[in-house]
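User: Hello! I am new to this one and would like to understand how each term is earned. Please show it to me, and then I will ask my questions.

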Amino acid sequence: MMGQQVFIFDTTLRDGEQVPGCKLNTQEKLALAVRLEELGVDILEAGFPVSSPGDFESVNQIAKTLKNTVVCGLSRAVQNDIEVAAAALKPAKRFRIHTGIGTSDLHIKYKFNATREEIIERAISAVKLARNFTDDVEFYAEDAGRTDNEYLARVIEAVVKAGATTLNIPDTTGYCLPYQYQAKMEYLVNNVPNIDKAILSCHCHNDLGLATANSIAGVMGGARQIECTINGLGERAGNTALEEVVMVLNQHSDLGYRTNINTRLLNPISHEVSEIMRMGVQPNKAIVGANAFSHSSGIHQDGFLKEAQTYEIINPELVGAEASKIVLTARSGRSALAHRLHKLGYPYTRNDIDVLYPIFLQLADRKKEVTHDDLVEIATAYTK
Ligand code: KIV
Ligand code: ZN
């Protein structure tokens with residue numbers, strides 16, 4: 001496949017699992033990790049090993065099980081966190097330590113009561129320590145979205161020098177606009193002398209509904225990794241939805257990027273995540289929502305029935321969704337009614353439909369959706 005590769009870093013089991021009510025046990029996490037490897041994620045953030053013995057065990061089991069995917073564990077820029085993460089990840093074929101610290105002035109002042117220079121020193125020590133365990137070290141500059149670009153560039157230059165191989169630029173609070181996030185990546189590409197020694201990564205939160213747009217903008221600004229979760233699960237309003245960024249890059253091949261994701265597994269895995277985490281997916285959610293491929297207004301239904309591409313940019317098969325649906329409501333037209341009746345085995349003529357349509361509308365005005373059973377009832381009464 002043509003195009004530059006964008007690495008998909010899945011954090012459903014770490015940032016996604018932080019959501020209240022989404023907590024998983026080790027068996028559940030392991031089962032999902034296996035599915036995410038089948039999906040084709042390049043890096044899987046399995047958890048935050050120091051946070052609890054249960055999470056250590058989950059990361060450790062996942063590290064023992066996965067075959068190709070790089071298994072990653074989160075840590076703060078704290079010696080014990082990094083050592084515990086390394087211990088949990090040790091059995092993996094390939095593993096990554098993800099370490100970092102807040103870099104915005106707000107974080108430096110209120111979380112750490114430190115100075116900018118002290119933060120750089122802590123970041124360097126954390127990366128150097130992590131490099132003792134693996135040559136795959138990702139550094140996150142927490143709240144990079146609100147970090148002054150000039151200072152961020154100094155932090156990034158220092159951690160690359162210390163051995164970081166991936167640079168996570170999180171918009172932790174989902175504050176940035178797409179052009180700002182893109183400009184931040186471009187600033188780093190143009191102002192960090194050793195930037196060619198590492199990969200820039202997007203990690204966007206969805207507080208303003210911009211996580212997907214910001215991640216794509218980040219890639220356009222020079223990032224080559226996107227951190228995301230299935231169904232966009234994550235802290236507060238969530239993280240970038242994996243299915244969305246993957247399909248944006250897939251549909252806009254003109255941008256020139258590709259991923260390793262098997263898009264046909266997007267819907268099945270979305271349902272599995274929703275079930276196991278007991279967290280429903282909003283029906284109008286892009287790619288994986290129940291209504292993502294259903295058409296209910298007369299104008300759309302008529303066009304769709306003539307040629308699907310008039311109202312669908314993605315073939316549902318490509319993302320493993322059920323076939324497109326024609327939903328009958330009071331906004332539906334004659335073509336949709338005829339189509340559904342034909343499918344039920346009533347090959348009515350245009351004249352028949354003209355008679356049946358007002359009867360259908362009367363029922364549709366009383367109900368949210370006219371079902372198969374309703375149609376059979378209407379047709380049976382008409383045929384008598
Ligand atoms: O949103 C964030 O900044 C994070 C970091 C811990 C990577 O999740
Ligand atoms: Zn996050």
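Analyst: Welcome! One definition to start: buried area is the accessible area (1.4 Å probe) that two parts lose on being put together, summed over both. This is a predicted model, where local features need pLDDT of at least 70, side-chain atom pairs count only at pLDDT 80 or more, and totals for chains, interfaces and linings use all residues. Residues are numbered from 1 along each chain as its sequence is written, chains are lettered from A and ligands numbered from 1 in the order written, and side-chain values use heavy atoms, with hydrogens and water left out.

User: What area is buried between domain 1 and domain 2?

Analyst: About 640 Å² is lost between domain 1 and domain 2, and carbon and sulfur atoms give 52% of it. On the side of domain 1, Gln251, Arg264 and Asn267 supply 64% of the area buried against domain 2, more than any other three residues.

User: Where do the two domains lie along the chain?

Analyst: Domain 1 covers 4–276 and domain 2 covers 294–383; such bounds come from an automatic or database domain assignment. Their C-alpha centres are 44 Å apart.

User: How many residues of each domain are in contact with the other?

Analyst: Contact means heavy atoms within 4.5 Å. By that rule, eight residues of domain 1 meet seven residues of domain 2.

User: What kinds of polar link cross between the domains, and how many are there?

Analyst: A salt bridge needs a side-chain nitrogen of Lys or Arg within 4 Å of a carboxyl oxygen of Asp or Glu, and the count between domain 1 and domain 2 is zero. A polar contact is a pair of N or O atoms within 3.5 Å; within protein, one must be able to donate a hydrogen and the other to accept it, and residues adjacent in sequence count only if both atoms are side-chain atoms. That rule finds four residue pairs across the interface of domain 1 and domain 2, both residues being at pLDDT 80 or more. The elements giving two or more residues to the side of domain 1 that touches domain 2 are α10 and α11.

User: What makes a residue a donor of the zinc ion (ligand 2), and which ones are they?

Analyst: Donors are N, O and S atoms within 2.8 Å of the metal (3.2 Å for Na, K and Ca); water is not among the atoms, so sites may look incomplete. The protein donors here are Asp15 (OD), His203 (NE2) and His205 (NE2), lying 2.1 Å from the zinc ion, so these atoms fall inside that limit. Along the chain their spacing reads D-x187-H-x1-H. Because Asp15 sits in helix α1 (residues 12–16) and His203 in strand β8 (residues 199–204), the pair ties together parts that are 188 residues apart in sequence. Helices (H or I, at least four residues) and strands (E, at least two) are DSSP runs numbered from the N terminus.

User: How do you know that Arg14 and Glu45 form a salt bridge?

Analyst: Their side chains come to 2.9 Å, N to O, which is within the 4 Å cut-off. Arg14 lies in helix α1 and Glu45 in strand β3 (residues 43–47), so this pair joins parts 31 residues apart in sequence. The structure holds 20 salt bridges.

User: Why are Arg14 and Glu45 put in the class they are in, buried or exposed?

Analyst: Buried means under 20% relative accessible area, exposed over 50%, and partly exposed in between (1.4 Å probe, protein chains only). Arg14 has 10% relative accessibility, so Arg14 counts as buried. Glu45 has 0% and is therefore buried as well.

User: What is the class of each partner in the salt bridge of Asp374 and Lys367?

Analyst: In this bridge the closest N and O atoms are 2.7 Å apart. Asp374 is buried because its relative accessible area is 12%, whereas Lys367, at 33%, counts as partly exposed. Elsewhere, salt bridges that share partners join Arg14, Asp15 and Glu45 into one network.

User: Why does Arg331 get its class, buried or exposed?

Analyst: Arg331 has a relative accessible area of 60%, so Arg331 is exposed. Its place is in the loop between β12 (325–326) and α13 (334–343). Leaving aside neighbours within four places in sequence, Arg331 is in contact with Ser296, Ser297 and Gly298.

User: What joins the side chains of Gln5 and Asp42?

Analyst: A polar contact of 3.4 Å joins them, which fits the 3.5 Å limit. Gln5 is in strand β1 (residues 4–5).
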